[in-house]
Amino acid sequence: MATKPKSAKKAPIKATKAEMLAFYREMLLIRRFEEKAGQLYGMGKIAGFCHLYIGQEAVVTGMQACLKEGDQVITGYRDHGHMLACGMDPNGVMAELTGRVGGYSRGKGGSMHMFSKEKNFYGGHGIVGAQVPLGTGLAFANKYRGNDNVSLAYFGDGAANQGQVYEAFNMASLWKLPVVYVIENNMYAMGTSVERHASETELFKRGISFEIEGEEVDGMDVLAVREAGEKAVKHARSGKGPYILEMKTYRYRGHSMSDPAKYRKREEVDDIRSHHDPIEGLKGQILELGHATEDDLKKIDNEIKAIVKEAADFSLESPEPDPSELWTDVLIEEAV
């Protein structure tokens, strides 16, 4: 069994009422969106691969709160939550999942390949670890242009063993590039516990030989994520180079919708849900502080469900791409 996310002692809350409610809404939107995506997949409305982010919502929500206009985000194929946190339209994201022209890639990219230049979201990448050197390239471009933008490059514990990750670390450190590497350690990679696939299981230490600072974060606590993220982003933005954040998190579903996740016990998942859920944890804090009532939070949930229903309806009503779309967005090099 993989090591569970740590139940660290709760530090004093450093967030306003408005911030906590905004985080709650954002995480709930991701959770409800992914639940609906799973439902549509089961109905055969979403084809191909579909990797859900249920359980990991605190990571991208907390990190996004650390960014300013112009900062960039890039990730792997468990990407729907990152898109929503970047402000991409749920209608467009869901329509892309169902392969419709109303989607962000006009129905041709599907779950793993969506982009938004307007929101500075650079993908969704289907090749394990490929986004890490690309995110490093975004940081290089920022430094070359002389702006103060930072790029976030998300990847998982499985991708942490990819060779291209370390090539990127080396260059980023050499050139003091403004990039934060966010390792979403959900304990099981594609289906193998981190203890069995990594000789060094404290993944935040992976940058030591490149003189990259790093730290471990409770990725099930959105406030802890935001606090660590602010430190890392400030480090990168100030010219000190890259920073590694290892988010100890947990996914409730399998690697993808086609994965029955038989490599872990149901009791383990239930225990995480009961004692470490990021949404329920924040909800408890909000109620305890008197920032909202149960009825207030129920109203937010109903509003989110309406948004997700609209996205699902839009995704099914939007037409499929015309066959001529097979020939668009394809670079054809003519022989000389």
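This section describes one strand with its partners, the largest pocket, and three buried residues in a predicted model.

Strand β5 spans residues 243-248. The strand is mostly covered, with 6 of its 6 residues buried. Its side chains alternate between two directions. Tyr 243, Leu 245 and Met 247 point one way. Ile 244, Glu 246 and Lys 248 point the other way. Both sets are buried, and that includes the charged residues Glu 246 and Lys 248.

Two strands pair with β5. One is β3, formed by residues 179-185. The pairing of β3 with β5 is parallel and runs over 6 bridges. Within β3, the residue opposite Tyr 243 of β5 is Val 180. The other partner is β4, formed by residues 213-218. This pairing is also parallel, again over 6 bridges. Here Glu 213 stands opposite Tyr 243. Tyr 243 of β5 thus has Val 180 opposite it and Glu 213 as well. Further along, Glu 215 has Leu 245 of β5 as its bridge partner. From β4 the chain passes through helix α8, residues 222-237, to reach β5. This β-α-β crossover is right-handed.The loop that follows β3 holds a second point of interest. Asn 186 lies between β3 and α7, the latter covering 194-197. The relative accessible area of Asn 186 is 5%, so the residue counts as buried. Its side chain makes a polar contact with the side chain of Arg 251, at 3.4 Å. Arg 251 also appears among the contacts of Asn 186 beyond four places in sequence. The others in that set are Gln 56, Arg 78, Asp 157, Thr 249 and Tyr 250.

Asp 71 sits in another loop, between α2 (57-64) and β1 (72-74). Asp 71 is buried because its relative accessible area is 5%, under the 20% cut-off. Two polar partners were found for its side chain. A polar atom of that side chain lies 2.8 Å from the backbone nitrogen of Lys 68. The side chain of Arg 237 makes a polar contact with the side chain of Asp 71, at 2.8 Å. Arg 237 belongs to the range of helix α8, residues 222-237, on the path from β4 to β5. Leaving out residues up to four places away in sequence, Asp 71 touches Arg 237 together with Asn 120, Asp 148, Asn 149 and Val 150.

Asn 91 is placed in helix α4, residues 90-97. Its relative accessibility is 12%, so Asn 91 also counts as buried. The residue brings together distant parts of the sequence. Asn 91 and Ser 315 are 224 residues apart along the chain, yet their C-alpha atoms are separated by 6.6 Å. Contacts of Asn 91 outside the four-place window are Glu 310, Ala 311 and Phe 314.

The largest pocket has a volume of about 360 Å³. Its lining comprises 24 residues. Those closest to the centre are Tyr 77, Phe 155, Gly 156, Ala 159 and His 255. Strand β2, residues 151-156, gives the most to this lining, with 3 residues.

Methods: Residues are numbered from 1 along each chain as its sequence is written. This is a predicted model: local features need pLDDT of at least 70, side-chain atom pairs count only at pLDDT 80 or more; totals for chains, interfaces and linings use all residues. Side-chain values use heavy atoms; hydrogens and water are left out. Buried means under 20% relative accessible area, exposed over 50%, partly exposed in between (1.4 Å probe, protein chains only). Helices (H or I, at least four residues) and strands (E, at least two) are DSSP runs, numbered from the N terminus. Two strands pair if DSSP finds at least two bridges between them. A crossover is right-handed if, with the strands pointing away from the viewer, the path from the first strand over the helix to the second runs clockwise. A polar contact is a pair of N or O atoms within 3.5 Å; within protein, one must be able to donate a hydrogen and the other to accept it, and residues adjacent in sequence count only if both atoms are side-chain atoms. Contact means heavy atoms within 4.5 Å. On a 1 Å grid over the protein atoms alone, a cavity is a set of points where a 1.4 Å probe fits but cannot get out, and a pocket is an open set with protein on both sides within 12 Å along at least five of seven lines; lining residues have an atom within 4 Å of a point. Grid points are joined across faces, edges and corners, and a volume is the space filled by probe spheres set on the points.
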